[in-house]
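Here's a walk through one protein, from a single residue out to the whole chain. Have a look at the structure, then read on.

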Amino acid sequence: MKVIDNIGRFTIAKCSKDYIVINNDLEYCNHSHFRSYNGAKKCVELIRKGLLPRSRYFRIAAKRLLGDEYEDLIIVTGK
């Protein structure tokens, strides 16, 4: 695993087949896998802004990354 980026409390690393985002403030179980670096970075940016992602996959990833803090994300409606 090669560390690609550190964004606040999150680390984005390149694995053999995908990218992994790790929440450094919580246990290792608070991580999620992404197909692309851009997807991983976008999810982290939404979380840092306090926004709940629209995509079901990103919502599940955010929940895994944040643990109990997931409930604090703001739901944005409309486009």
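## Lys 17, out in the open

Why does Lys 17 count as exposed? Its relative accessibility is 76%, and anything over 50% is called exposed, so Lys 17 clears that cut-off. Keep in mind that this is a predicted model, so every value here is computed from it.

You'll find Lys 17 in a loop, with β2 (10-14) on one side and β3 (19-23) on the other. If you want a sense of distance, try Arg 59: Lys 17 and Arg 59 are 42 residues apart along the sequence, and their C-alpha atoms are 22 Å apart in space.

## Ser 32, tucked away

Now for Ser 32, which sits in strand β4 (residues 31-34). Is Ser 32 buried or exposed? With a relative accessible area of just 4%, Ser 32 is buried, because the limit for that is under 20%.

Which residues does Ser 32 touch, apart from neighbours within four places in sequence? They are Tyr 19, Ile 20 and Val 21, plus Ala 61, Arg 64 and Leu 65.

## The nonpolar core

The largest nonpolar core has 19 residues, and the members that touch the most others are Phe 10, Val 21, Phe 34, Cys 43 and Ile 47. Four elements each give two or more residues to this core: strands β2 and β3, along with helices α1 (37-48) and α2 (56-66).

Cys 43 is a good one to click on. Leaving out residues up to four places away in sequence, Cys 43 is in contact with Phe 34, Phe 58, Ala 61, Ala 62 and Leu 65. Two names from the Ser 32 list, Ala 61 and Leu 65, turn up here too.

## The whole protein

Time to zoom out. The protein has two helices and four strands, and from the N terminus they come in the order β-β-β-β-α-α. Its radius of gyration is 12 Å, close to the 12 Å that the globule rule gives for 79 residues, so the protein is as compact as a globular protein of that length. Along the principal axes, the C-alpha atoms fill a box of roughly 35 × 25 × 20 Å.

How much of the protein is buried? Of its 79 residues, 39% count as such. The accessible surface is about 5,300 Å², with 50% of that belonging to carbon and sulfur atoms. As for charge, there are 15 positive and 9 negative ones, and the mean positions of the two sets are 11 Å apart.

Notes: Residues are numbered from 1 along each chain as its sequence is written. This is a predicted model: local features need pLDDT of at least 70, side-chain atom pairs count only at pLDDT 80 or more; totals for chains, interfaces and linings use all residues. Side-chain values use heavy atoms; hydrogens and water are left out. Buried means under 20% relative accessible area, exposed over 50%, partly exposed in between (1.4 Å probe, protein chains only). A nonpolar core is a set of buried Ala, Val, Leu, Ile, Met, Phe, Trp, Tyr and Cys residues joined through side-chain atoms within 4.5 Å. Contact means heavy atoms within 4.5 Å. The radius of gyration is taken over C-alpha atoms; the globule rule is 2.2 Å times the number of residues to the power 0.38. Accessible areas come from the Shrake-Rupley method with a 1.4 Å probe; for residues, only the protein chains shown count as cover. Lys and Arg count as positive and Asp and Glu as negative; His and the chain ends are not counted. The place of a charge is taken as NZ of Lys, CZ of Arg, CG of Asp or CD of Glu.
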